[in-house]
Structures are given as C-alpha cells and as structure tokens.
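Here is a short note for a colleague who is opening this structure for the first time. Please keep the model in view while reading the points.

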Amino acid sequence: MPSIIHIETSTNVCSVALSVDNKVLFEKVSFEGPSHAALAGVFVEEAIRCLKEKNLKPDAIAVSGGPGSYTGLRIGVSLAKGLCFGYDIPLIPIHTLEIITSQAICENKSNPDYLYCPMLDARRMEVYSALYDVNLQPVRQTEAEIIDETSYAELLSGQKICFFGNGAEKCKPVITSPNALFIDKVVPLATNMVELAEKAFQKKQFADTAYYDPFYLKDFVATVAKNKVLGER
C-alpha cells in the first residue's frame, strides 16, 4: 500500500495529512484564515520528516483540485507539483466537492436515502455545487449556479437533500423546504482525501504533472454562461 501526502488549500482552511497503508499517520490543520503560503510548506516538511523516521518516502502526492480559491489552489498545486517532480512520483488531484461530501456522508450515515449537495461559495448568491448519493456516486455533475427560491424545489418535493460547505450557510433563508437538511462546519480537510486518493492510486488515475491546472472559482461567470447556453440547446 502506498505512502501519500495529501494537501488541501482550496478554502480558508489549510491542511496536510500523511497516510500509509490507508491509515493517517500525520495531520496538521489551520483554521485561522488564508495563511497557506506560510503554513502549507511547513506542514509538508513535518509530514516528510514523519516518513523519514519510518525509513519511507512518498509514493504519490494528492492535492485538492478545486473548485476553490484561486490563491489557495495555486499554492497547494504548486507545492504538490514541486514534490512530484522532486521525488519523481505521480500527482493525484481530488475534486474538492468530493472531499467535503465524503465527510458529510460519514456524519449522516443513518440516512442512506438522502442526496448530498456540497456548495462552495462563489460570492453573492453564487455557488459551485453538485449532487451525490450516499455511495459518493455523482447524481449531477459540478455546476456553477445562482441560488434563488426555486433552486432544488422540484427535487426537494420528494427527496431529502443534505446541503453543506462554505456556500450552504447563505442558502438557508432561501432553500426552506422541510426536506432540506443543512450540515454545519463541513470544510475540506486533507484527512478526508485519504480514501479517495488511495482508490485513485490503485487505479493509476494520475494527472499530467507538468500540465495539470486546478478548477478555480474565478471561472464562475464563464461557467454560468456556458451552462445557460447548454441548457438552451
């Protein structure tokens, strides 16, 4: 089983984890705002030190690939690429919405029939969102959308949906169906990348390190426009 360093910097939270044989051996998290440039590298150094103490080296680097903050993702991905080139190991990008959904599913396993809707804040009433089932299988792919009183109304008429992520809080006054459940304090963390990264490693789902670019929230306007055009066809 592989040794993987996991880097998550897509929001204001900065976290790094180390997993060996699918077990977390090291974790560092900062919730104190966008200080990724100062902290991410230090956290990674500590993770590498932990590996060296066990006479191991990393077999891959997993990084949160967005959607997320331009600055945060750029710091995390640049750090991950540098490590991949330095150790000559593969890069595993993990979708940010899958990272937070895996946590939400773990917290709400008693309701297997729920759908899960992660939301990342894109300013105003704008979010990036997707829909997953309890097995983390996509029901609807990632979309940029503007939330209003009609959002998810049809689905919520016969289906319970969990909403979470840093874009969900502002949607509470708008999405008022009794079938809507809001889960607080769900943030993307490196430890929630472990199982996803392990599966990707076994399937050799690696990115081209030289050309990989994450999915930035700054692309929101263009994505909304594209979605509207596709919807009109």
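1. **Asp-59.** Start with the neighbours of Asp-59. Leaving out residues up to four places away in sequence, Asp-59 touches Met-1, Pro-2, Ser-3, Ile-89, Pro-90 and Phe-201; contact means heavy atoms within 4.5 Å. Asp-59 sits in the loop between α1 (36–53) and β4 (60–64). Helices (H or I, at least four residues) and strands (E, at least two) are DSSP runs, numbered from the N terminus. Asp-59 is partly exposed, at 28% relative accessible area. Buried means under 20% relative accessible area, exposed over 50%, and partly exposed in between, with a 1.4 Å probe and protein chains only. The C-alpha atoms of Asp-59 and Ala-122 are 34 Å apart, with their positions 63 residues apart along the chain.

2. **Basis of the model.** This is a predicted model, in which local features need pLDDT of at least 70, side-chain atom pairs count only at pLDDT 80 or more, and totals for chains, interfaces and linings use all residues. Residues are numbered from 1 along each chain as its sequence is written, and side-chain values use heavy atoms, with hydrogens and water left out.

3. **Ser-3.** This contact of Asp-59 deserves its own look. Ser-3 belongs to strand β1. Ser-3 is buried, because its relative accessibility is 4%. Beyond its neighbours within four places in sequence, its contacts include Ser-19, Val-20, Leu-51 and Leu-56. Lys-57, Pro-58, Asp-59 and Ala-60 are also among them.

4. **Thr-11.** Which loop holds Thr-11? Thr-11 is in the loop between β1 (3–8) and β2 (14–20). With 12% relative accessibility, Thr-11 is nevertheless buried. Setting aside neighbours within four places in sequence, Thr-11 contacts His-36, Leu-120, Asn-166 and Pro-188.

5. **Overall form.** The chain has six helices and ten strands. Its radius of gyration is 18 Å, which agrees with the value near 17 Å for a compact globule of 233 residues. That radius is taken over C-alpha atoms, and the globule rule is 2.2 Å times the number of residues to the power 0.38. Along the principal axes, the C-alpha atoms fill a box of roughly 55 × 40 × 35 Å. Of the 233 residues, 50% are buried. Among contacts between residues at least 6 apart in sequence, 65% join residues at least 24 apart.

6. **Cysteines.** How many disulfides does a search of the whole structure find? The search finds zero, a disulfide being a pair of cysteine sulfur atoms within 2.5 Å. For Cys-14, the nearest cysteine sulfur is that of Cys-84, 17 Å away. Cys-14 is buried, at 0% relative accessibility. For Cys-117, the nearest cysteine sulfur belongs to Cys-171 and is 8.2 Å away. Cys-117 is buried too, with a relative accessible area of 0%.

7. **Backbone points to check.** Gly-66 and Pro-67 are joined by a cis peptide bond, with omega about 5 degrees. Pro-67 is in the loop between β4 and α2 (70–87). Arg-123 has a positive phi, near 80 degrees, and is not a glycine. Arg-123 lies in the loop between β6 (115–121) and β7 (126–132), and is exposed at 53% relative accessibility. Tyr-152, also not a glycine, has a positive phi near 65 degrees. Its loop runs between β8 (138–146) and α4 (153–156). Is Tyr-152 buried or exposed? Tyr-152 is buried, with a relative accessible area of 9%.
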